[in-house]
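Visitor: I am new to this structure and would like a close look at a single part of it. Please take one pocket and the helices around it, and then go on to what can be compared with it elsewhere.

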Amino acid sequence: MNNHKREIKSFFYSQYFSDGLRMTIGIITPALVLMKLGDFNMGLTLSLGALCICTIDGPGPISHKRNAMAVGNLILIMVALITGYARFNVFTLGLEITVFSFLFSMLTVYGNRTASIGTSALLVMIFMMDKAVPPPEVPIFSLTILAGGLWYMIFSLVFFGIRPYRAAQQTLGENVADIARFLRIKADFYKQGTDIDENYRKLVLQQIQVSNHQDAVREILFKSRLLVKESTSASRILVLTFIDLVDMFEQIMATHYDYTYIREKFESTGVLSEIADFLQHVADDLDNIGYAVLANTRPEKLSNLELRLEHLKRRIDTIGTDDKETSNLVLKKILINLRDLSKSISNIYKYYHSKASDSLVQSPTGVEYSKFVTHQDFAPHIFWDNLTLNSGAFKHALRVALVCLVGFITSKNFSLGGHSYWVLLTIIVILKPGFSLSKQRNYQRLIGTIAGGAIGIMILNFIPGKTAQFIILVALMIGTYSFLRINYIVAVIFMTPYVLILFKFLGLGTINVFQERVIDTLIGSGIAFIASYVLFPTWEFQQIQQILKSVITADINYLQKISESISGKVVEINEYKLARKDVYVNSANLSATFERMTSEPKSKQRNIKDLHKFVVLNHILASYSANIASALMRSGQKTPHADMLKLVKRSIAVLKETDRKLDGESIIPPVAPPKTDGVPKPEIAPVPLTEEDVLMKDQLGFINKIAVDIAKVTDDVLR
C-alpha cells in the first residue's frame, strides 16, 4: 500500500504533472479572464494561440524553449494570415494544406524540438480552416492568436524562472527510478526460477528508458549555463548526483556474468539469493533517493548496506574455505561491484546532508561535460540533402502532405458537421515516420476517443451543475496534458470528455458532437493507417544495417580504450565515459528499433530472431566491456601483458571485419603467414599473473567469443 501511495505522490511531483498543470493554466487563463471582461470569443482565440505554442513547450534547457517558442510565434502568425485568406477558395486552401504539410513535416530533420514547431504550425493551420472570419478581420484575428502564443511563452518562461532547478530535479528523480527498475531486473538473473532469455528482453527494454532519461538530464544540466556554472549548493548537488548516477549505471551493467554457469556452480550455496536480495535493497535505496529528489526533500538512508556487505563477504569467504575445488573469484568480483554500488549510494546521500558538493570544481565543468551532450546542427544544407527518397524524413513529409490533401477532400465531402478539421487533426497526430509508431498511435486514438466519449456523455448526463462540470473540465485538461508524453491512450481518454464538456459550454449538442468526433476520428485513422502501409512506407529493416553499424563502431571504440590501457597507455577517465555513453546510447537505439520491428507485419520482420540474438549478445558485450573498463579505471595504468592484449585486439579485429561487411565490403580470408625457415623468434619473458589478472583474461576470452558470435549473427542478418 505504501508503495502505491508513493507512486501516486511521485506522479504529482513529476515533470509530467507539472507540465500538465502549466499547460492547463497557460491555455485556460486567457479564456477565463476575457469571459469575466465580457469578451469570451476573444478569450477563446487567445487560448487557441496558447494551445498551439504549448506543443513546443517540451522538456529541455530554458534557452532552447525560449528560442523555439519565439520562432514558433513568428511562424504562427504567418500561417494564421495565409490560412485566413486561403480558406476563401477551396483550391488555394488545398494547395496550402499540401505545401505546408510537407514543409513543416520536413522539420523533423532538425530534431524533436524543431519538429514540435512544425506541429504547432500545422495545428494553427487546421484550426483556422473552418474559422468564419471576414477578410478585413483576418489580420486582427491572426494578431489575437499571436498574442495568445506570446502570452503562453512569457507565462512558461516565468514559470521556469521562479524555480529554475525544478525541471532538472524532476527529470533526475525519474532517471533514478528508471535505474532502480533496471537493477531489480538485474537482480532476477541471480534467482533460479528466472527465464534468462525473457529477462534479457525486459532488461533491454528498460535500458531504452534509462538511456532516454539520461539524455534528457544531460540536456537540462549540461546545456543550461545556470545549472552548470552557478555556484549554488542546489546546482552542485544536481550535477554531482547525476555524475554518480551515470557511473552507478555502469557498475550495474558491469555486474554481468555467465548466469547459467553461476547458477550451476553456486546455486546450492544459497549465496546467489543473498546477492539478489542485496541488489533489491540497493534498488529500494535508489527509489527512496528518486522520490526525495522529486519531492525536493533530503533523502534518509533506508538500510545499512555496509553491514549487509560484510555479511555477504563472510558468506563468500566461507564458500572458498569450505570447497577448495570451487573458486570463489567470480563471487569476489561481484562483491567488488556491489561495494562500488553501495559507495555510490552513500555518496549521493552525503550530498544532501553535508558540504560534500563543495568539492565540485566549477571552472572546467562547462567545458568538460559539454562533450557528453549532442549539439543540433541547423545548417540549411541538411534540409536540402534530405530531399531524396532515400531519406526517411522526406518520405514521411511526402506521405503527410498527400494524406492531408486526401483527408481535406474527404472531410469536405463526408464529414458530419462543422468540425471537419478533426479529420486532418487525427491524421497529423497519428502519422509518424515509422509504420509501427503510426499503428500504435492509431489504435490508441480510436480506443481513447470511444472510451473518453462514453465517459464524457455520462459526466454531462449525471453531473448537470455548471460549476461541477467546469471543475471536471479543468481536471480533464490537466490529465490530458500530463499523460500526453507518457501514455497517449490515457491522454485521449481525458481529452475527449474535456472536448465534449467544452462544446457543451459553447452551446453545441453533446451527442451530435460525440458522433461527429468518432466518425471524423474513424475517417482520419483509416486514411492514416492505409497510407502508412502503402504510401512510401518506412520499415525498420530498411535502416537496421546502419543502426547495427553504429553499434559495432561504438563497441570497437570502447574496446580500443581498454586495449590502450592494457598496453600501458594512460587513458583518461572521461575518454572511457564518452566511449561508454556512445555504447549505451547506440545499444538503446538498436533495442528500440527491434521493439518497433516486432509490431510491424510479419512479412516485414526480416531476420527477427537473428536480430534478437544480436541485441542480447551486444548487451552482454557491453556489460563485460564495462566490467573490465571499471576494473582498469580503479587500478590505473596497467602493466602490459601480451596474452590479454592479444585477446582484446583479436576481438577488435573481428568487430572491424563485421563493420566492413555492414559497409558492403567483401572480406577476403587472410593468407597464412610465410614460414620462417625454422628460425625461432625471440621469446618474451612471461609476466606473472595475479588472481585478478586471470579473471580479466578469462573475461577477455569470453568477449572474444561474443565478438565472434556477433560476427556470425551479422552474417545471418545480411543474407
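Guide: What follows starts at one pocket, goes on to a pair of helices that line it, and then turns to a cavity and another helix pair. The model is predicted.

The part to look at is the second largest pocket, with a volume of about 370 Å³. Its lining is made up of 14 residues. Those that lie nearest the centre of the pocket are D247, Q251, D340, S630 and R634. Four helices give two or more residues each to this lining: α11 (233-254), α15 (329-351), α25 (573-598) and α26 (608-635). Sorted by class, the lining holds eight charged residues, four polar ones and two nonpolar ones.

Two of these helices, α11 and α15, also pack against each other. Their axes come within 10 Å and cross at roughly 165°. An angle over 145 degrees counts as roughly antiparallel, and α11 is therefore roughly antiparallel to α15. The crossing of α11 past α15 is left-handed.

On the α11 side, the residues in this contact are I237, L240, T241, D244, M248, Q251, I252 and A254. They meet N337, D340, L341, S344, I345, N347, I348 and Y351 on the α15 side. By class, the contact of α11 with α15 comprises nine nonpolar, five polar and two charged residues. Q251 and D340 belong to this contact, and both are also among the residues nearest the centre of the pocket. The pocket lining, for its part, has two nonpolar and eight charged residues.

An enclosed space can be set beside the pocket. Across the whole structure, a search finds four cavities of 30 Å³ or more. The second largest cavity has a volume of about 70 Å³. Its lining consists of Q15, D19, R22, G58, P59, G60, K65, F160, A167, Q170, T171 and I220. At least two of the lining residues come from α2 (15-36), and at least two from α8 (166-188). The classes here are four nonpolar, five polar and three charged.

Helices α2 and α8 are in contact as well. Their axes come within 9 Å, with a crossing angle of roughly 145°. Q15, Y16 and S18 in α2 meet Q170, T171 and E174 in α8. This contact has four polar residues, one nonpolar and one charged. Q15, Q170 and T171 take part in it, and these residues also line the second largest cavity.

A last helix pair is α20 (residues 435-462) and α22 (residues 488-505), whose axes come within 7 Å and cross at roughly 40°. At that angle α20 and α22 are therefore oblique to each other. Their crossing is right-handed, and the contact has 14 nonpolar, seven polar and three charged residues.

Definitions and conventions:
Residues are numbered from 1 along each chain as its sequence is written. This is a predicted model: local features need pLDDT of at least 70, side-chain atom pairs count only at pLDDT 80 or more; totals for chains, interfaces and linings use all residues. Side-chain values use heavy atoms; hydrogens and water are left out. On a 1 Å grid over the protein atoms alone, a cavity is a set of points where a 1.4 Å probe fits but cannot get out, and a pocket is an open set with protein on both sides within 12 Å along at least five of seven lines; lining residues have an atom within 4 Å of a point. Grid points are joined across faces, edges and corners, and a volume is the space filled by probe spheres set on the points. Ala, Val, Leu, Ile, Met, Phe, Trp, Tyr, Cys and Pro count as nonpolar, Asp, Glu, Lys and Arg as charged, and the others, Gly among them, as polar. Axes are lines fitted to C-alpha atoms, for helices over the stretch in contact, and angles run from 0 to 180 degrees between N-to-C directions. Angles under 35 degrees count as roughly parallel, over 145 as roughly antiparallel, 65 to 115 as roughly perpendicular and the rest as oblique. A crossing is left-handed if the near helix is turned anticlockwise from the far one by less than a right angle, and right-handed if clockwise. Contact means heavy atoms within 4.5 Å.
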